[in-house]
Structure formats: C-alpha cells, structure tokens
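Work through the exercises below with the model open. Each task is followed by its solution in steps.

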Amino acid sequence: MTTTTKLDRFMQDVRPATPYLVVDLDIVEANYRALAEALPDARIYYAVKANPAPEVLHRLAALGSSFDVASVPEVELALATGVNPSSLSFGNTIKKERDIARAFELGVRLFAFDSEAELLKIARAAPGAKVFCRILTSGEGAEWPLSKKFGCTPDMAFELMKMAATLPVVPHGISFHVGSQQRDPGQWDAAVASAALLFRRLEEKAGIELKMVNLGGGFPALYREAVPAAAAYGAAIWDSLRRHFGNRIPAVIAEPGRGLVGDAGVIEAEVVLIAEKGDAAGRRWIYLDVGKFGGLAETMDEAIRYPIETDRDGTASPVILAGPTCDSADVLYEKNAYLMPDSLAIGDRVRIKSTGAYTTSYSAVNFNGFEPLRAYFV
Ligand SMILES: Cc1ncc(COP(=O)(O)O)c(C=O)c1O
C-alpha cells in the first residue's frame, strides 16, 4: 500500500490545493534499507534524477547513500547534502566537456562514457578520473526501456577500455541499465555475464584489471501490477555475480532511482470535467487537473500505469483519463482499462499513487499557464 497513514493524514489535514505531490520520506528510507539489505555488498548511488528534492537527498545521504548524477546542477544538489564528492558518479554518457571540467573541479572523480568522443572529453577535462563504460542491454522486461540511446556493444567497450588505458584516465569498470521498472530480476544475468566476459578479456588480452561493475537502476516501484520484492532482485543478481565472476567479484555499485522513491509519493488531483464524447465503447472522458505536462510524462505510450483511487464507491465503469492542457497529447490512459466509480463528480479529489519518481522533475514550467507540480515531504 502506498497511502500510509502519514500520507493520508497529510491529505486530510493539510489538504493543499491540487494538484500536488506528497512524499513520505520514511518510505524512501525503508526502500533504501530494503535494497541495501538485498544487496549487502553493493554501494548504493541514488539516481538523483528520479526525485531531486533536497528532502529526499538529505534523508538518503544520512543513510549513507552515494549519488548518481546527470548534470552539474545535480552534482551541486548532491554536494549540498554534505556528502564527499568521492560519493558521486557522473553517470550520464552525454556531457558537455565544460560540465565534465566543472564536475571535476567540484571533486567528482568517477565518470561514465559509451563512445570514443565522450571518453576523449573526459580525458581532456578530468585527467586522472576513473571511467566506466556502459554496455547495451536488450531492455526486455522493462516497462520504461532505455533503448539504444545509451551503451555500446561489448566489443566496442573492449576497444574503448584499451584506448582509455592509453589516456590520462583510469579504466575502472563496466556499467549497464536493464531498463527502468524492470519487473524481471533475471534480466540482470545477461548483462552481468557480458560485464564478466569483458573483465576477463581485458585482463587476459590487454593486461587491464577493472575494479567495478555498475548494476544501474531498474528496481521497480509498485504500480498496478505486482513486482517482486527487493530481496528477489538481490538474490538473483548476487547469484549472477557469483556464477559469472566466480570468486573474483569486483566492487559492485547500484543506481536505483524509481525503486527508492516511486511508491513513496502520491499525487492528489481534482476532477475538472467529466464528459461524454461519443466514445465507441461508451466511455466517459475524465479530465484531471494534472496530466502529461504536469508531471505524469511517464504515461507516454501508457508505459507506467499508476494506480488511481477515489473516495467514491459503488459501480465503476471504464473511462478515458486525460490532463487539463490544450494539447491532444495530454491523454493519460485510453488503451489500458481504467475503471472509475459512476458516482465520480466534478470537483472530486483523486489519488494517483506511486508517483514519487519522475514526476516533479518532469513537470513543465508553465505550459498553458499551469505552475510546476508542487511537492510536500512528510
Ligand atoms: C545512468 C542511470 N542510472 C540510474 C538510473 C535510474 O534508473 P531507475 O529509475 O530505473 O532506477 C537511470 C535512469 O534513467 C540512469 O540513466
């Protein structure tokens, strides 16, 4: 259950104007602890992009989390928690050279790349830094796959790591991301196998001894479909590490984003309009005061299917859910079956659950004049 008494109490007692997100920091902490327990030998680098709120970062820093950052502002946000810059990994494979230089100046010493040009930028702008190469994964089993935009083939990684050894950087490790909201813990196996093979090839053929494997993110939040517990991910991943690396398991890091903050948040929204529009299936259109541009961007292609609740009961019928902006793309769910109570009325509040990840940071600044999604932390 996402809606804890703490979140319920906030929604009932404080009752801010909608739409807004409220995040229970104790759930963030519990998710962190569960993953840390499931992967006891891994160091956790929270992916700041999932929810960059200082409240979240401070709570995680206090628990000993390190941080995966995607930009200089994220470096600065993470450092503002007081963590040492050695706890940061600049995991974005697409960086301006001056941003690499700035992060290096701020003390960051760990950088990702997946192409020759990016590696050369790091070598110029961050001499002496440790680098890790991101390899491609299939993304199979993930509800938010990260596609071919990131990562290179293992053969390219082999060549790039050999090149890294000739540059003023330290070839340090291999990373991958099996796709966000990865519901199959078995999907790490092929990537761990590729990483282990690269470790062996680089050592045997080039005398390069890598030290770190980065498991990426992918750990799920609880949306409408059930997901395995953190322990199942830990067990499957550790089994893969043991099988593929044998008794030479390197330093392991993980970069969870969604899995730590997703089910810690609820967006409370209001029904703005209910309309009959001649839908062939007779469904009502329900327009909310939050949509794709107000923070629910991950409803793109209906990839992330949030649970939605109201206080109404009685019979429920299929509906089409949409946001409030004058943009036809601002439809949340049309293909997936969403049922809402027939008694639902304009002005009612609805709770969109498990919205702690990739919402505030995705919300538009002023599209149609709507302010960015406000967030509260309890
Ligand atoms: C480099 C990197 N690490 C970690 C994450 C976090 O992934 P997730 O939210 O699936 O845990 C992302 C997400 O895009 C990423 O790009």
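**Exercise 1. Find why Cys 133 forms no disulfide with its closest cysteine.**

Step 1. The closest cysteine sulfur to that of Cys 133 belongs to Cys 152, 3.6 Å away, too far for a bond. A disulfide is a pair of cysteine sulfur atoms within 2.5 Å.

Step 2. Seen from the other side, Cys 152 is in no disulfide, and its nearest cysteine sulfur, that of Cys 133, is 3.6 Å away.

Step 3. By this rule, the disulfide count is zero.

Step 4. Cys 133 is buried, at 0% relative accessibility. Cys 152 is buried too, at 3%. Buried means under 20% relative accessible area, with a 1.4 Å probe and protein chains only.

A note on the basis: this is a predicted model, in which local features need pLDDT of at least 70 and side-chain atom pairs pLDDT 80 or more, while totals for chains, interfaces and linings use all residues. Residues are numbered from 1 along each chain as its sequence is written, and side-chain values use heavy atoms, without hydrogens and water.

**Exercise 2. Describe the shell around the ligand by class.**

Step 1. Count the residues: 14 surround the ligand, each with a heavy atom within 4 Å of it.

Step 2. Pick out the closest: His 177, Ser 180, Glu 255, Gly 257 and Tyr 358.

Step 3. Sort the shell: three residues are nonpolar, six polar and five charged. Here Gly counts as polar and Tyr as nonpolar.

**Exercise 3. Which polar atoms of His 177, Ser 180 and Gly 257 lie by ligand oxygens?**

Step 1. Use N or O pairs within 3.5 Å.

Step 2. From the side chains, a polar atom of Ser 180 lies 2.5 Å from a ligand oxygen, and one of His 177 lies 2.8 Å from a ligand oxygen.

Step 3. Gly 257 uses a polar backbone atom, 2.8 Å from a ligand oxygen.

Definitions and conventions
Near = heavy atom within 4 Å. Polar contact = N/O pair within 3.5 Å; in protein donor to acceptor, adjacent residues only side chain to side chain. Buried < 20%, exposed > 50% of the residue type's maximum accessible area, 1.4 Å probe, protein only.
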